[in-house]
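Visitor: Could you take me through the salt bridges of this model, one pair at a time? I would like the cut-offs along the way.

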Amino acid sequence: MTQKVLVLPGDGIGVEIVAEAVKVIGVLNKEFGLSIELEEGLVGGSAYDAKGHPLPEETLVQAKAADSILLGAVGGYQWEKLDIAVRPEKGLLGLRSNLSLFSNLRPAILYPQLADASTLKADVVSGLDLMIVRELTGGIYFGQPRGVRTLDNGERQGYNTYIYSESEIERIGRSAFDIAMKRDKRVCSVDKANVLECTELWREVMTTLAAEYPEVELSHMYVDNAAMQLVRAPKQFDVMVTGNMFGDILSDCAAMLTGSIGMLPSASLDANGKGMYEPIHGSAPDIAGKGVANPLATILSVAMMLRYSFNLAEPADKIESAVNSVLDQGLRTADIHSQGMQEVGTAQMGDAVVAALQAQAS
Ligand code: IPM
Ligand code: MG
């Protein structure tokens, strides 16, 4: 069966890291009998420059027709002054909402080889393996009404709406419980139920849903405490489930526990398992074009795509073990470099993964 994948490099380092992931897909096709067909499209600032919009109609058509999407990153200094409606980030948000990619999986795994790269003590983070399940198409990111209005006294007032319906909470809850069933069977639901009615409802729906998953242990935590617990004792968590904005914040925090945001992939899934896969990190305009960015998060995003959208666990395992093998070899991009290791650039790192993958074919 042929799988059609839309490749959206986006902006900044997105272009460089996606090129390495594409090399890896080439090996999968050539050596492992997969049949992944690639098509490229425009999104973000580069799409704005070429077409006047961060999510051109053509891209949306391509995205809807594809079986899955591989995205690099969007954004850059040159687009920061644009109206918010056409900023690069709107390309990403538009893809998420137009494709109903409501379930965002953000694993935070510490590779033992990188224990020293974390700013936290090794014993706090070693063995860390947690999954953040972030609601991605609702909450305050998309709630209406929103805007900036001028009051009668001439003062301007900004406002956004934090809103979740029961069905939205329930479906993201199901994602989290289903994933927990394949892991350690513990879900921690993060809210601010002591202050926000919307998340009081969130807590109630999660509690009701838990009755359908008797094997899973559900706990609740306020978001401020969750942020604290993530840096105090992150290994207490298995699966965390939360809304769009809290998930945005907590997933950056969780990523840093692992030493580098350059290592972490993510999946954004719809109800049928179609997904958009991207590294958690951004477009890093400060290092764009220098060939020093870490391509491993994007390469690991390909592994997630195989696993979650195409049900191809075996080649996904192979990619992950190829990444382990290059880390074992001591190869490090600048973001994960430490003394005694060999510093390599983006393409060298990609080539090393390709070689490690090819070694598993023969
Ligand atoms: C993320 C990013 C995005 C978000 C931005 C780029 C719109 O921070 O994917 O976490 O806030 O969701
Ligand atoms: Mg973010």
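Guide: Happy to; here are the salt bridges and their surroundings. This is a predicted model, in which local features need pLDDT of at least 70, side-chain atom pairs count only at pLDDT 80 or more, and totals for chains, interfaces and linings use all residues. Residues are numbered from 1 along each chain as its sequence is written, and side-chain values use heavy atoms, with hydrogens and water left out.

A salt bridge here is a side-chain nitrogen of Lys or Arg within 4 Å of a carboxyl oxygen of Asp or Glu, and the count comes to 15. In one of them, R134 pairs with D248, with the closest N and O atoms 3.8 Å apart. R134 belongs to strand 5 and D248 to helix 9, so the bridge ties together parts that are 114 residues apart in sequence. Helices (H or I, at least four residues) and strands (E, at least two) are DSSP runs, numbered from the N terminus. R134 is buried at 1% relative accessibility, while D248 is partly exposed at 27%; buried means under 20% relative accessible area, exposed over 50%, and partly exposed in between (1.4 Å probe, protein chains only).

Next, K192 bridges to D224, the closest N and O atoms being 3.2 Å apart. K192 sits in the loop between strand 8 and helix 7, and D224 in helix 8, so this pair links parts 32 residues apart in sequence. K192 is buried at 18%, and D224 is partly exposed at 47%.

Finally, E314 and K318 form a salt bridge at 3.6 Å between the closest N and O atoms. Both lie in helix 11, four residues apart, or about one helical turn.

Terms used: Chains are lettered from A and ligands numbered from 1 in the order in which they are written.
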